[in-house]
Amino acid sequence: MRPPAQVGDLATVLAGPVDVAARALLGCRVAVGDVEVRLTEVEAYAGVGADPASHAHRGRTPRNAPMFGPPGQLYVYFGYGMHWCGNVVTGPPGQAAAVLLRAGEIVAGHGAVRRRRGLRVPDRDLARGPARLMAALGLDGTANGTSVLDGTGPLSLTPSPVPIPAGAVRTGPRVGVGAASHTPWRFWLAGEPTVSAYRRAAPRPRGGRTGAPNVSG
DNA sequence: GATGCGATTCACT
DNA sequence: GTGAATCGCATCG
C-alpha cells in the first residue's frame with residue numbers, strides 16, 4: 001500500500017489516473033471569492049472510448065473541449081436546460097478524463113452562499129448536489145476552461161488541511177448514470193451530511209420490470 | 001434541418 | 001415518491 005499523497009502533489013495527482021485524483025479531491029477546498037467549500041463528494045469520468053458515461057466518450061466536441069485540455073482545468077457544462085455542473089480535468093492532456101464536483105460543506109462565506117441559495121435552505125443543502133455546489137460558488141459557464149491551480153481563474157483548489165484517512169472514503173456507483181453503472185467511481189466521505197443521496201439513473205419507460213432492488217445504504 | 005435526451009432540482013401529494 | 005421545467009448538444013435524415 002502506498003501512503004496517501006500529500007497536498008503539495010495536487011497538480012501531480014490531477015495528472016494521474018482519474019479515480020485516484022477523484023479520491024484525492026475529497027476534503028480539498030474550493031474557493032471563489034470569499035466563499036470556501038470543503039469537497040465531500042465527487043465522481044470520476046474517464047475519457048474517449050473508456051467510459052460510456054463520460055461526455056468525452058464519443059470524442060472531442062465543442063462542449064467537452066475543455067476535457068481534452070491540461071489537468072487542473074475546469075470543465076463546466078449546462079444540463080437540463082437550467083443547471084451548471086463543474087468538473088476538474090485530470091490525466092494527461094488529450095485523455096479527456098474529469099472529476100465531477102458533486103457536493104461539499106460550506107466552511108466560509110455562509111452569508112453570501114445563503115443569500116444566493118435562499119435563506120430558508122438548511123446548511124447541509126447549500127452545496128449538496130453538483131448544480132447546487134456551482135450555484136453556491138456563484139459559478140457558471142464563464143468559468144469553463146479556466147484553471148483551478150494557478151489562480152488565473154475564479155476558482156482556486158487547495159489541498160485538505162488535514163489528511164483524509166483511507167477508511168473515511170466510501171465508493172459506489174455514480175449517480176444518475178445509466179451506462180457503466182457497475183463502475184464504483186463515486187467517492188464520498190463517510191458520515192458527511194452534505195453528501196447527496198444515491199439516486200438511480202432516470203427510469204426508462206420501456207420494459208415491464210418494476211421495483212428492482214438496488215443499491216442501498 | 002429536426003428531434004431526443006441529459007453527470008438535476010424544486011414543488012407538490 | 002412523482003412529475004414538471006428548460007436549453008444546448010449530439011445524432012440522424
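Reader: Why is Arg 38 called buried?
Author: Arg 38 has a relative accessibility of 17%. Buried means under 20% relative accessible area, exposed over 50%, and partly exposed in between (1.4 Å probe, protein chains only). So Arg 38 counts as buried.

Reader: What kind of model is this?
Author: The model is predicted: local features need pLDDT of at least 70, side-chain atom pairs count only at pLDDT 80 or more, and totals for chains, interfaces and linings use all residues. Residues are numbered from 1 along each chain as its sequence is written, chains are lettered from A and ligands numbered from 1 in the order in which they are written, and side-chain values use heavy atoms, with hydrogens and water left out.

Reader: What makes Glu 105 and Arg 38 a salt bridge?
Author: Their closest N and O atoms are 2.8 Å apart. A salt bridge needs a side-chain nitrogen of Lys or Arg within 4 Å of a carboxyl oxygen of Asp or Glu. The pair therefore qualifies. Side chains of opposite charge can pair when their charged atoms come close.

Reader: Which parts does the pair of Glu 105 and Arg 38 tie together?
Author: Glu 105 sits in strand S5 and Arg 38 in strand S2, so the link spans parts that are 67 residues apart in sequence. Strands (E, at least two residues) and helices (H or I, at least four) are DSSP runs, numbered from the N terminus.

Reader: Is Glu 105 buried, exposed or partly exposed?
Author: Glu 105 is partly exposed, with a relative accessible area of 29%.

Reader: How do you know that Glu 41 and Arg 186 form a salt bridge?
Author: Their closest N and O atoms are 2.7 Å apart. That meets the cut-off, so the pair counts. Glu 41 is buried at 0% relative accessibility, and Arg 186 is buried at 4%. Salt bridges that share partners join Glu 41, Glu 43, Arg 102 and Arg 186 into one network.

Reader: How many salt bridges does a search of the whole structure find?
Author: The search finds nine.

Reader: Why is the contact of Tyr 77 with DNA strand B called polar?
Author: An N or O atom in the Tyr 77 side chain is 3.3 Å from a base nitrogen of DNA strand B. A polar contact is a pair of N or O atoms within 3.5 Å; within protein, one must be able to donate a hydrogen and the other to accept it, and residues adjacent in sequence count only if both atoms are side-chain atoms. So the Tyr 77 pair fits. Ala 131 offers a backbone N or O atom, 3.1 Å from a phosphate oxygen of DNA strand B.

Reader: Which residues come nearest to DNA strand B?
Author: Tyr 77, Asn 87, Arg 117, Arg 132 and Arg 199 do, out of 19 around the strand. A residue is near a strand if one of its heavy atoms lies within 4 Å of it. H4 gives the most to this surface, three residues.

Reader: What does DNA strand C meet at Tyr 80?
Author: A backbone N or O atom of Tyr 80 lies 2.3 Å from a base oxygen of DNA strand C. Arg 58 reaches a phosphate oxygen of DNA strand C with a side-chain N or O atom, at 3.2 Å. Gly 81 has a polar backbone atom 3.3 Å from a sugar or linking oxygen of DNA strand C. Of the DNA strand C atoms within 4 Å of the protein, 64% belong to sugar or phosphate and the rest to bases.
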